[in-house]
Amino acid sequence: MPSARKKSGYTKRDLLAVSDNPELTKADFAKARPFSEVFPDLSASIRKGRGPNKAPTKKLVSLRLSPEVVDHFKSTGPGWQSRIDETLRKAVKRKAS
């Protein structure tokens, strides 16, 4: 029968020995306020985002491209994936007409 392994990690005593912060009390928690109340501007800036699309306009696919194509589009800076999409859309329109 294998021997029981000793727990690894830190004990509460170890953590208390190196902690500069006192343990919080119930009174400390009673005084606590929500982040958004203390820093409303910062909270608002963090929460800004795109949000969900009502009607997604693009599909997520996995596509293998040659390194030359990827390097060319990446070298043009941010938005390179959208530029690939635009180039492909133009090719599809040309083919259709």
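In the views below, a helix is a DSSP run (H or I) of at least four residues, and helices are numbered from the N terminus. The model shown is predicted.

**View 1. The whole chain is built from helices, without strands.** The chain holds six helices and zero strands, and from the N terminus on its elements run α-α-α-α-α-α. Of the 97 residues in the chain, buried residues make up 4%. The chain exposes about 10,300 Å², of which carbon and sulfur atoms supply 57%.

**View 2. A nonpolar patch on the surface draws on helix 3 and helix 4.** Phe35, Val38, Phe39, Leu42 and Ile46 make this surface patch, which covers about 460 Å². Helix 3, spanning 35-38, and helix 4, spanning 40-47, each supply at least two residues of the patch. Phe35, one of the patch residues, lies in helix 3; its relative accessible area is 41%, and so it is classed as partly exposed, between the limits of 20% and 50%.

**View 3. Ser43 is a buried residue of helix 4.** Ser43 is found in helix 4, and its relative accessibility is 5%, which means that it counts as buried, the limit being under 20%. If neighbours within four places in sequence are left aside, Ser43 is in contact with Phe35 and Ser36. Phe35 thus appears in this view as a contact of Ser43 and in the previous one as a member of the nonpolar patch.

**View 4. Helix 5 and helix 6 cross at roughly 115 degrees.** The axes of helix 5, residues 67-74, and helix 6, residues 80-96, come within 8 Å, and the crossing of the two helices is right-handed. On the side of helix 5, the residues that take part in the contact are Val70, Phe73 and Lys74, and these meet Trp80, Arg83, Ile84 and Thr87 in helix 6.

**View 5. Lys58, Asp85 and Arg89 are linked in a network of salt bridges.** The side chains of Asp85 and Lys58 meet in a salt bridge with an N to O distance of 3.9 Å, which counts because the cut-off is 4 Å. This pair links distant parts of the chain, since Asp85 belongs to helix 6 whereas Lys58 sits in the loop between helix 4 and helix 5, 27 residues apart. The side chain of Asp85 also meets that of Arg89 in a salt bridge, here with an N to O distance of 3.1 Å; both of these residues lie in helix 6, four residues apart, about one turn of the helix. With a relative accessible area of 25%, Asp85 is partly exposed, and Arg89, at 45% relative accessibility, likewise counts as partly exposed. Lys58, at 55%, counts as exposed because its relative accessibility passes the limit of 50%.

**View 6. Glu86 and Lys90 form a salt bridge along helix 6.** The side chains of Glu86 and Lys90 meet with an N to O distance of 3.4 Å. The two residues are four places apart in helix 6, and so about one helical turn separates them. Glu86 is partly exposed, with a relative accessible area of 36%, and Lys90 is partly exposed as well, with a relative accessible area of 47%. In the model, the count of salt bridges comes to four, among them the pair of Glu86 and Lys90 shown here and the pair of Asp85 and Arg89 in the previous view.

Methods: Residues are numbered from 1 along each chain as its sequence is written. This is a predicted model: local features need pLDDT of at least 70, side-chain atom pairs count only at pLDDT 80 or more; totals for chains, interfaces and linings use all residues. Side-chain values use heavy atoms; hydrogens and water are left out. Patches are made of residues with over 30% relative accessible area and no salt bridge: like charges are joined within 9 Å, nonpolar side chains (Val, Leu, Ile, Met, Phe, Trp, Tyr) within 5 Å. Accessible areas come from the Shrake-Rupley method with a 1.4 Å probe; for residues, only the protein chains shown count as cover. Buried means under 20% relative accessible area, exposed over 50%, partly exposed in between (1.4 Å probe, protein chains only). Axes are lines fitted to C-alpha atoms, for helices over the stretch in contact, and angles run from 0 to 180 degrees between N-to-C directions. A crossing is left-handed if the near helix is turned anticlockwise from the far one by less than a right angle, and right-handed if clockwise. Contact means heavy atoms within 4.5 Å.
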